[in-house]
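User: I have a structure to go through with you. Let's take the side chains and their contacts in turn.
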Amino acid sequence: MEYIIRNTDLGEHDFAKAIAGNTVSVLTLDQKWHHLFAAEGKPKKIQEQEKRVTGWLQAQARAQQELKELKKLKATLMDNIVQNMDGAEGKNQRQERKLSEDRRLIDETKQKMQECEDTLLEIPRHLKEDNDLLLQLTVEYCYYQLRTNAAAIGEIGDWITRMRMELKRQIIRKQRAEVSNREIYAYMHDVFGAGMLNILDLQYQEETEEPAGQEPKGPGPEESQT
């Protein structure tokens, strides 16, 4: 299901002002946020924005893991240099090359560590921007759903009101018909007498297959043609 973006009364500036000073958690990590779309599913625009937020989280996790591994590598290289520097006067050419290579690797490792740290400093800003946009899209979706449901509730409520009124009318009509039948049968009893009425009841029931005192079904096909 798609909905009209920015169908709320808040523009981008007003929305930013509304959430200013409030700490908003990363929505994709909140299970309750996912439950907001349980009924209809996530619209395409929200799915796309969710992927951007998830992408920053994954990039952050990769950078953190890489930095952790680089720190371990740096520590190992430092230990190698310290060991190779012991007894420096007796070092041979191979040890010198190994020491030089370890120093080069340390410099390279430091550079990569700096890149990871720069990335980790930059990611939170991008993550917040995309998370805030995801929040705005979510708010717009939720209010769209609320308004749509409110309209449906109103229409259904009106239908229920009409049906209740119609039901009352039909109940009254049924009650009147029942009262009329009882009165007619009572007067017939008085006019024709119990004996004749019993005979008429038998004939009436055979023709209509309805018990006495109830509204007749009307003439059959043969009677209606005559």
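User: Is K42 buried, partly exposed or exposed?

Analyst: This is a predicted model. Buried means under 20% relative accessible area, and exposed means over 50%. K42 has 21% relative accessibility, so the residue counts as partly exposed.

User: Which residue does K42 meet in a salt bridge?

Analyst: The closest approach runs from N to O, at 3.0 Å. That is within the 4 Å cut-off for a salt bridge. The partner is buried, with a relative accessible area of 16%. The side chain that meets K42 is that of E50.

User: How far apart in helix α4 are R104 and E108?

Analyst: These two side chains form a salt bridge, with the closest N and O atoms 3.1 Å apart. R104 is partly exposed at 41%, and E108 is partly exposed at 31%. About one helical turn separates R104 and E108, because their spacing in helix α4 is four residues.

User: Which residues are linked with R104 and E108 in a network of salt bridges?

Analyst: The structure holds ten salt bridges. The pair R104 and E108 forms one of them. Linked with this pair in a network are E101 and K112.

User: What is the N to O distance between E166 and R169?

Analyst: Both residues lie in helix α4, three residues apart, about one turn of the helix. E166 is partly exposed at 29%, and R169 is partly exposed at 47%. Their side chains meet in a salt bridge, N to O, at 2.5 Å.

User: What is the area of the nonpolar surface patch that includes M163?

Analyst: M163 sits in helix α4, residues 93–208. At 38% relative accessibility, M163 counts as partly exposed. I156, W159 and I160 make the patch together with M163, and its area is about 380 Å².

Definitions and conventions: Residues numbered from 1 in each chain as written. Predicted model: local features only at pLDDT ≥ 70, side-chain atom pairs only at ≥ 80, totals over all residues. Heavy atoms only, no water. Patch = residues over 30% accessible without salt bridge, like charges linked within 9 Å, V, L, I, M, F, W, Y side chains within 5 Å. Areas by Shrake-Rupley, 256 points an atom, 1.4 Å probe, with all protein chains shown as cover. Helix = DSSP H or I, 4+ residues; strand = E, 2+ residues; numbered from the N terminus. Buried < 20%, exposed > 50% of the residue type's maximum accessible area, 1.4 Å probe, protein only.
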